[in-house]
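Here are my notes for a newcomer, set out as numbered points. Have the model open while you read, and turn it as you go.

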Amino acid sequence: MKYTSSNEAPKSYHLPAGDYPVTIVEASETVSRSTGADMIKLTLDAESPDGATSKVFDYLVASASSAWKIDAFRRALGYEVVQGEPVELAAEDLVGRTLRARLKVEEFNGRANNKVEAWLARLAGE
C-alpha cells in the first residue's frame, strides 16, 4: 500500500447537545478499573435528523452508586423498573437496540466529544 502522510490531527465529529436516537452497535462485559465492579461498555451511534452520526461511548457500572443510571437505561429500553428487583443484563442482548439519549458535548484533550447526559424513557406509543 502506498499513501501520502499527513500531519493533520484526526477529525472528530460530534452532534450539538440535545436528544437523539442512539443505536447500540457494540456492548461488552468487563470490569471497572476504578471500582472493580462488573460493567458493560456501550458503543453507540447517535443520529441527527439530517442523518449525521456520532460515535458515543457509555459505561453501565453495577455498583450501588450507579444503579440509578442502569435503571434509567432500562426504562429507555422500555422495561419496567421495580425497586429492589435483582436484574441481570447481558451485553449481547443489547446490540442492535435503539433508544433515546440526551447528549452533551465535552472537551477531552482539545477535542469535542458527545457524552450521554441522560437516558430518556420511552414516550407513550413508542
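Which residue follows α1, and is its phi positive or negative? Helix α1 is followed by Gly-78, with a positive phi near 100°.

1. Ground rules. This is a predicted model, in which local features need pLDDT of at least 70 and side-chain atom pairs count only at pLDDT 80 or more, while totals for chains, interfaces and linings use all residues. Residues are numbered from 1 along each chain as its sequence is written, and side-chain values use heavy atoms, with hydrogens and water left out.

2. The parts list. The protein has one helix and five strands. Helices (H or I, at least four residues) and strands (E, at least two) are DSSP runs, numbered from the N terminus. Follow the sequence and you meet them in the pattern β-β-β-α-β-β. The C-alpha atoms fill a box of roughly 55 × 40 × 30 Å, taken along the principal axes.

3. The sheet. The five strands make an open sheet, ordered β3-β2-β1-β4-β5, with antiparallel pairing. At the edges stand β3 (53-61) and β5 (111-120); each has a single partner strand, so one side of each is left without a neighbour in the sheet. From one strand to the next, the twist averages 45°. Two strands count as paired if DSSP finds at least two bridges between them. As background, strands of a sheet pair through backbone hydrogen bonds, either parallel or antiparallel.

4. Strand by strand. Strand β1 (residues 18-31) is joined to β2 (residues 38-47) by nine bridges, and the two run antiparallel. If you want a spot to check, Ser-28 stands opposite Lys-41 in β2. On to β4: six bridges join this strand to β1, again antiparallel, and Tyr-20 has Ala-101 in β4 as its bridge partner. Then β4 and β5 pair in the antiparallel sense over nine bridges, with Leu-103 standing opposite Val-116 in β5.

5. The β4-β5 turn. These two strands form a hairpin with two residues between them. Have a look at Asn-109 in the loop between β4 and β5: this residue has a positive phi of about 55° although it is not a glycine. Asn-109 is also exposed, with a relative accessible area of 69%. Here exposed means over 50% relative accessible area, buried means under 20%, and partly exposed is in between (1.4 Å probe, protein chains only).

6. The helix on the sheet. Helix α1 (residues 67-76) lies across β1, β2, β3, β4 (98-108) and β5, and runs at about 130° to β3. For such angles, axes are lines fitted to C-alpha atoms, for helices over the stretch in contact, and the angles run from 0 to 180 degrees between N-to-C directions. The buried residues of α1 are Ile-70, Ala-72, Phe-73, Arg-74 and Ala-76. They pack against β1, β2, β3, β4 and β5, where contact means heavy atoms within 4.5 Å.

7. The aromatic pair. How many aromatic pairs does a search of the whole structure find? One. Phe-73 and Trp-119 meet edge-to-face, at 5.0 Å centre to centre and 80° between the planes. Rings of Phe, Tyr and Trp (its six-membered ring) pair if their centres lie within 6.5 Å; planes under 30 degrees apart count as stacked, over 60 as edge-to-face and the rest as tilted. Phe-73 lies in helix α1 and Trp-119 in strand β5, so the pair ties together parts that are 46 residues apart in sequence. Both rings belong to buried residues: Phe-73 has a relative accessible area of 0%, and Trp-119 has 7%.

8. A serine in a loop. Ser-48 sits in the loop between β2 and β3, yet this serine is buried, at 9% relative accessible area. Its side chain makes a polar contact with the side chain of Asp-50 (2.3 Å). A polar contact is a pair of N or O atoms within 3.5 Å; within protein, one must be able to donate a hydrogen and the other to accept it, and residues adjacent in sequence count only if both atoms are side-chain atoms. Leaving aside neighbours within four places in sequence, Ser-48 is in contact with Leu-15 and Tyr-20.

9. Whole-protein numbers. Of the 126 residues in the protein, 32% are buried. Among contacts with a separation of 6 or more, 51% are between residues 24 or more positions apart.
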